[in-house]
Amino acid sequence: MGKLQEFSIAFTNNKVVYSPGESISGSVRVTTASALQFKAIKVNCVGSCGISSKMNDASWMAEEQYVSSMLSVADKGTLPPGEHTFSFQFLIPAHAPTSFEGPFGKVIYRIRAVIDTPRFSKDYKTQRPFYLLNMLNLNEVPDIQQPSSAVTTKKFTYLLVKTGTLMLKACSDLRGYTSGQIIKLSTEIHNKSGKDTGYVIASLIQKVTYKTKRPMFDLRTIAEVEGAGVKAGKHAEWREQIIVPPLPQSGLAGCSLIDIDYFIQVSLKSPETVVTLPIYIGNVAVNMTPSRPPPPNPLQHTPLPAMQSLGPVPVVPSAPPAEDDLEGEQGAGGLASEEIPTKSHSQQNPSGQAPTMSPSAFSHAPSQALPQTQHAQSAESSAPLFCVSTGATIPFFTDGNATPVPTTCPLILPPEYSSWEYPHEPPPTYEESCSSNNSSFNTSFNTSMT
C-alpha cells in the first residue's frame, strides 16, 4: 500500500452480530510508513437490500436502504508515520431486517472507511461486514402451539379398469420451531385399493420469494426422510423426526423485497399425492407451559359416580371431523394399523443414528463470515466461538463451554440450492391444499362411498 501499511476496521469486543436499535462501535486503525496528507477520514454505516432476476448478479432490479450514516473522524491534515486510531459509533434503526444472502438477493450491512487524499493521489478504502438479527418470538404468532395438519384423498385407476381410494393425513406437533429443535411428524395412510403404494417422503422445504416485477421463487429441500410404501388394503402409520438446522427465521420482517417461508411436504410417489404443512422458524422457542384450565360450567351437571361406569364419556373430535374415524375403520379393513419403516434419512449418519445436538448450539444460523472475521475471532481467545452453515445468514454462537458444531458436518448442513431455472412456480399454500377439489376429504370420501 506504499505509505499506508495498515488500514483496518475493528469492532468493540470483536462483536459482529447486533440487534435493531443497538449501537455499533469500533475503531479505524491506520498505520503509515511515512507522512500521509489527507483531506478527510470518513466512516460510513450502510445497510441495504437488493434483488435481481439473475443468479448472483449485483446489478439490482430493485433496492431499498435501511441505514446510511456518515461520520467524519478527522479533518484535513497530515498523518505522521506510526499507528493511529479513530473511534466511531452508529445507532442501528429499530426496524432493520435480519441479514440474509441468497442467489437472487441479499440484505447486507457494512462499515466502510475512506481516507480522502489530495488531488492526483489515490484514495484509500476499506470495509467490514456486520450482521443483524431481528429476533422472531414464536410466542407472538397466533396458534403457534397448535399442531399443523392437513389431509387429502385421491381416487386413482390401476390395471386399466380398477379404481381405488387413498387417504393421506400428516400432522406436526407444533406450528413453530427454532434451530436445534425436533419436528415430530406423524403420517397416516389408508390404502383402499388392490395395489401397493409407492414410497412416502417427508421434506422440510424453504421457499424464498424475491419480489421483482415478476416474482422469483427459490425452493430448497432442507431435510428429507423416506419411508416404505403401504400394502394393498392396509392402514399404516409413520412417525418420524426432523432436526431443524441453522436457518434464517420466517418472514424477514422489515424487508419488503424478500420473504421467507417454510413448510413440511409429505408426498407419495404412486399414486401422486401431496399435503403441505406450513410452519414457522424463529429465534425464541414456543413456551409450552400448560395454559390455565377453563372454569367449570355451572349449567353442566356433574354425573354421579355410578353413572360414569355405564359408558365412556363422549369426546368431541378435532379436525378432521367424524368421517375420519369411519374412513379409518373401513380403510383399514378392520385390521390394526401397521408401522411404516423408514428407508433413509438425510440427517442420519451411516450407522443409522440421528445426530445428537443441544438446542443451545443453535441460537441462530447465519451465513458466511468473511476470513477477516474468522481471523479476528481466532486471534482473541476470549471471543465467543461461532460456526457457519450453508444457507444461513449470520454467525451463531454457542452457549457456555459447548463445542460449536463443525461447519463441514454433513448431518446438519442442508443441501445446496437446486439448479432449477427461472421461473419457479410456488408450492400450494395450506389453504389451497385444503380447499382444492382433489384435497377435500369430505368430498372425496363421499364420492368413494357412492
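Start by selecting residues 200-210, which form strand S16, and then S19: the two run antiparallel and are joined by eleven bridges. At one point along this pairing, select Tyr210 and look across to S19, where its bridge partner is Ile258. What you have open is a predicted model, so local features are described here only at pLDDT of at least 70 and side-chain atom pairs only at pLDDT 80 or more, while totals for chains, interfaces and linings use all residues. Residues are numbered from 1 along each chain as its sequence is written, and side-chain values use heavy atoms, with hydrogens and water left out.

A word on terms: strands (E, at least two residues) and helices (H or I, at least four) are DSSP runs numbered from the N terminus, and two strands pair if DSSP finds at least two bridges between them.

**The sheet around S16 and S19**

Now widen the selection to the whole sheet. It is an open sheet of six strands, in the order S14-S20-S19-S16-S17-S22, and the pairing is mixed. At the edges stand strand S14 (176-178) and strand S22 (342-345); each has a single partner strand, so one side of each is left without a neighbour in the sheet. From one strand to the next, the twist averages 35°, an angle taken between N-to-C directions on a scale from 0 to 180 degrees, with axes as lines fitted to C-alpha atoms. As background, strands of a sheet pair through backbone hydrogen bonds, either parallel or antiparallel.

**The loop before S19**

Next, go to the loop between strand S18 (235-243) and S19, where you will find Leu252. Leu252 is not a glycine, yet its phi is positive, at about 55°. Its relative accessibility is 1%, so Leu252 counts as buried (buried means under 20% relative accessible area, exposed over 50%, and partly exposed in between, with a 1.4 Å probe and protein chains only).

Select Ser250 too, which lies in the loop between S18 and S19. Ser250 is buried, at 10% relative accessibility. Leaving aside residues up to four places away in sequence, Ser250 touches Leu136, Ile260, Tyr262, Ile279, Tyr280 and Ile281, where contact means heavy atoms within 4.5 Å. Try a distance between C-alpha atoms as well: Ser250 and Gln206 are 44 residues apart along the chain, and 9.3 Å separates them.

Leu136 leads to another stop. Its backbone nitrogen lies 2.7 Å from a polar atom of the side chain of Asn283. Asn283 sits in the loop between S20 and helix H1 (305-308) and counts as buried, at 11% relative accessibility.

**A cysteine check**

Select Cys255. Why is there no bond from Cys255 to Cys49? The sulfur in Cys49 is the closest cysteine sulfur to that of Cys255, but at 3.7 Å it is too far for a bond. A disulfide is a pair of cysteine sulfur atoms within 2.5 Å, and the structure holds zero of them. Cys255 is buried, with a relative accessible area of 8%.

**Two backbone details**

For the backbone, remember that most residues other than glycine have a negative phi, and most peptide bonds are trans. Center the view on Pro271, in the loop between strand S19 (258-268) and strand S20 (273-282). The peptide bond from Ser270 to Pro271 is cis, with omega near -10°.

Then jump to Asn14, in the loop between strand S1 (4-11) and strand S2 (17-18). Its phi is near 60°, a positive value in a residue other than glycine. Asn14 is buried, at 18% relative accessibility.

**The aromatic cluster**

For the last stop, show the side chains of Phe11, Tyr18, Tyr66, Tyr109 and Phe130, which form one aromatic cluster. A search of the whole structure finds eight aromatic pairs; rings of Phe, Tyr and Trp (its six-membered ring) pair if their centres lie within 6.5 Å, with planes under 30 degrees apart counted as stacked, over 60 as edge-to-face and the rest as tilted.

Look at Tyr66 and Tyr109: their ring centres are 6.5 Å apart and their planes stand at 35°, so the pair is tilted. Tyr66 lies in strand S6 (residues 62-74) and Tyr109 in strand S10 (residues 105-116), so the pair ties together parts that are 43 residues apart in sequence. Are Tyr66 and Tyr109 buried or exposed? Both are buried.

Moving on from Tyr109 to Phe130, the ring centres are 5.7 Å apart and the planes at 35°, so this pair is tilted. It links distant parts of the chain, 21 residues apart: Tyr109 in strand S10 and Phe130 in strand S11 (residues 124-132). Phe130 is buried, at 1% relative accessibility.

Notes. A polar contact is a pair of N or O atoms within 3.5 Å; within protein, one must be able to donate a hydrogen and the other to accept it, and residues adjacent in sequence count only if both atoms are side-chain atoms.
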